[in-house]
Structures are given as structure tokens and as C-alpha cells.
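Q: I would like a close look at a single part of this model, with the packing of its helices set out in order. Please keep to what can be read from the coordinates.

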Amino acid sequence: MQRKGAWNIAGLTGPPGSGLSLMDPALSDPIATPRNDVYVFGIPFWNPTLAEFLEWWRAALTSEERRSRCVVLANAHTLNLACEDPEYAAVLRSAEVRLNDGVGFRIASGMRSVGVKHNFNGTDLIPLLFERLDRPARVFLYGAKEEVNALTARRVAERFPAVEVVGRCSGYEHPESAVEQIRRSNADVLLVALGNPKQERFMARYRDRLNVKIQIGCGGLFDFLSGVKPRAPLPIRRRGLEWAFRLMIEPRRMWRRYVVGNPVFLARAWLSRKSDLALAGIQPERRRLSPPVL
Ligand code: UDP
């Protein structure tokens with residue numbers, strides 16, 4: 001039996017508000033069948049366990065098809081941007097897989113009575129995907145400054161024997177040049193580390209020309225993987241406070257994103273919870289809405 005909110009592939013329609021049309025690549029894709037488990041700001045998200053996502057990842061990677069399937073990891077900042085820019089929200093909706101990243105999303109999801117099953121933070125997720133590869137994967141690294149990108153390529157090759165870095169390109173080169181290099185590399189996996197909203201826009205705009213199996217937007221991942229920026233200590237990460245650490249390290253760049261953005265996100269998440277529940281087909285008055293847990 002199909003779960004509530006699941007894609008209706010046979011009927012060629014997505015759930016209300018999913019933004020799916022007959023032209024959406026996800027519709028004819030046998031692998032891209034994630035459920036719409038929770039809506040935030042009208043955007044549907046899958047809420048898989050790690051094992052469920054790994055199953056999707058393996059299927060997409062072993063498939064012969066090169067559909068450049070997009071994986072979006074959305075945090076409070078991503079969703080604030082989507083709230084302010086409907087075109088960016090449409091870009092996020094066009095991805096095959098949208099996953100939750102961070103404590104802000106967890107709180108918003110709790111307001112919709114959905115507990116997130118796993119935190120899909122790119123800086124933890126990508127190394128985990130690489131460690132668990134059961135066959136070699138050809139990977140292209142796109143993003144960050146040239147020296148950071150080069151250092152990341154070396155670190156990845158040292159740390160993950162199953163990963164073959166088949167190409168790399170700084171995030172400050174012209175996108176057309178990046179697209180050409182990616183095409184020529186014949187990579188299976190493309191990591192796009194340009195930050196929000198640039199990376200998702202790039203993934204959506206050039207997907208038909210990229211010729212990879214999977215592309216994942218992963219923000220500042222290369223800054224951390226290369227070691228040029230310190231990662232928050234584990235106890236801080238476990239408490240969902242990595243954002244506070246990043247604010248401390250880079251206050252000038254991050255204050256607007258976090259000091260202004262976090263309360264704005266929580267207010268928006270609370271105000272939009274009823275319309276999001278309605279999109280999920282749940283009667284708001286029948287559900288006990290959890291107040292925000294701060
Ligand atoms: N970046 C890039 N090209 C650009 C803008 C940014 O390659 O035109 C890189 C930047 O060097 C950094 C990453 O994108 O490595 C963005 O990092 P940020 O910390 O903003 O991302 P987050 O992890 O917060 O999503």
C-alpha cells in the first residue's frame with residue numbers, strides 16, 4: 001500500500017504543493033520515489049533513516065543511467081532563502097531528494113509532529129557515504145578556492161580508497177568551464193560545494209549537460225575536509241550547536257545567517273505549520289502541535 005504523501009508515479013501526479021508537473025524528471029525515474037514525509041514552507045521533504053537513504057544512494061550509483069539526480073541538504077538558512085525567493089524554492093522542489101540538515105529543521109519538523117530520523121549534515125554525510133562504498137566511485141569535486149579544492153582532492157584520495165577523484169575545479173571558475181570539465185571527467189558523483197543558493201541553482205540549471213549519476217550540494221564541506229577550517233568539537237555538534245561554533249569562528253560572515261536568520265526561521269516555521277500540515281493531508285486541529293523546543 002502506498003504511504004500517505006508518497007509519489008504517485010502511476011498517476012503521474014505529485015502530492016499537492018509538490019510542484020511536480022509532467023515535465024519533472026523525477027516522475028519517470030524508477031529510483032526517485034522518496035516519500036513526502038514533512039513539508040516546511042510548502043516544500044516537501046523525505047525523512048528517511050540513514051539505512052533508507054543509503055539504499056537510495058546505492059541504487060542510483062549502481063544504475064547505468066546518468067540522470068544527474070540532485071540531492072539537496074536543507075538547513076534553516078537554505079529554507080530562509082527559499083522563503084524569500086520562490087524561484088529558489090522551485091529549484092529545491094525540482095531535486096529528486098530533499099533531506100533535513102541541522103537543529104533548525106528538526107525543530108520545524110517537530111512543530112509538524114514529525115520527528116526527524118537522521119540529521120543529514122553534508123560534512124558528516126559525504127565522508128560516511130565514501131567510507132561505505134562497496135565498489136569504486138568516480139568523483140568530481142567542484143567548489144571552494146583553488147588551493148582548498150586541490151587540498152581536498154588530496155585528502156579525499158588518501159582517506160577513501162574506494163573514491164577515485166577523476167576531476168576537480170575551483171568554485172570561482174566560470175560555470176560553463178566547470179560544466180565542460182565535469183562532462184569530460186565521466187564522473188559518477190559530483191559534489192557541488194558553492195554554498196546556498198548557488199550550488200542548487202547550478203545543479204538544476206546544468207543537470208541536463210552534466211552527465212553524472214548523482215550530484216550533491218554540500219556547502220562548506222571542502223573547507224572542512226581539507227582542514228583549512230576547524231570543525232566544531234563533537235560534544236558541540238551532538239548538542240546541535242555547530243552553528244554557534246561557526247558563528248564564533250566567522251562572526252562577520254555568519255552573524256546575519258544565524259543571529260538574524262535563526263529566530264526569523266523559527267517564527268516562519270511556527271506561522272507556516274498549519275499550511276504545511278494541510279499540504280501533508282493532515283488536519284491541523286486533530287494534531288497536537290508541539291511548541292518549539294529551544
Ligand atoms: N564558494 C565557491 N564559489 C562561490 C561562492 C562560494 O566555491 O562563488 C565556496 C566557498 O569558498 C565555501 C563554500 O562555497 O567553500 C560555501 O561555504 P558556506 O560555509 O557558506 O556553506 P555552508 O556549509 O554554510 O552551506
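How close do the axes of helix H2 and helix H12 come, and at what angle do they cross?

A: The model is a predicted one, and the description below should be read accordingly. Helix H2 covers residues 76-84 and helix H12 covers residues 251-271; their axes come within 9 Å and cross at roughly 70 degrees. An angle from 65 to 115 degrees counts as roughly perpendicular, and H2 and H12 are therefore roughly perpendicular to each other. The handedness of this crossing is left-handed. On the H2 side, the contact is formed by Ala76, His77, Leu79, Asn80 and Cys83. H12 contributes Arg257, Gly261, Asn262, Val264, Phe265 and Arg268. Sorted by class, the residues of the contact between H2 and H12 comprise five nonpolar, four polar and two charged. A general property of helices helps in reading such lists: an α-helix has 3.6 residues a turn, so residues three or four places apart point the same way.

H12 also meets a second helix, H11, which spans residues 242-249. The axes of H11 and H12 come within 6 Å, and their crossing angle is roughly 140 degrees. Since angles over 145 degrees would count as roughly antiparallel, H11 and H12 are therefore classed as oblique to each other. The crossing of H11 with H12 is left-handed. Trp243, Arg246, Leu247 and Met248 make the contact from H11, and Pro251, Met254, Trp255 and Tyr258 make it from H12. The contact of H11 with H12 holds seven nonpolar residues, no polar residue and one charged residue.

Both H2 and H12 recur in the surroundings of helix H4, being among the elements that cover the buried residues of H4. The others named in that cover include strand S1 (38-40), strand S3 (69-74), strand S4 (97-100) and helix H13 (273-279). H4 itself runs over residues 103-111 and is mostly covered, with seven of its nine residues buried. These are Val103, Gly104, Phe105, Ile107, Ala108, Ser109 and Met111. After H4 comes Ser113, which has a positive phi near 60 degrees.

Two of the strands that cover H4, S1 and S3, can be followed into adjoining loops. Phe41 lies in the loop between S1 and strand S2 (43-45). Although Phe41 is not a glycine, its phi is positive, at about 55 degrees. Phe41 is partly exposed, having 19 other C-beta atoms within 10 Å. Ser68 is placed in the loop between helix H1 (50-62) and S3. Its phi is likewise positive in a residue other than glycine, near 55 degrees. With 20 or more such neighbours required for burial, Ser68 is buried, because 21 other C-beta atoms lie within 10 Å.

Two further features complete the account. The peptide bond that joins Asn196 to Pro197 is cis, with omega near 0 degrees, and Pro197 sits in the loop between strand S7 (189-193) and helix H8 (198-210). Around the ligand there are 14 residues, of which Ala144, Gly171, Gly195, Gly219 and Gly220 are the closest. The shell is made up of five nonpolar, six polar and three charged residues.

Technical notes:
Residues numbered from 1 in each chain as written. Predicted model: local features only at pLDDT ≥ 70, side-chain atom pairs only at ≥ 80, totals over all residues. Near = placed C-beta within 6 Å. Nonpolar A, V, L, I, M, F, W, Y, C, P; charged D, E, K, R; others polar. Axes fitted to C-alpha atoms, helices over the stretch in contact; angles between N-to-C directions. Helix = DSSP H or I, 4+ residues; strand = E, 2+ residues; numbered from the N terminus. Parallel < 35°, antiparallel > 145°, perpendicular 65-115°, else oblique. Left-handed = near helix turned anticlockwise from the far one by under 90°. Contact = placed C-beta atoms within 7 Å. Buried ≥ 20, exposed ≤ 12 C-beta atoms within 10 Å, placed from the backbone.
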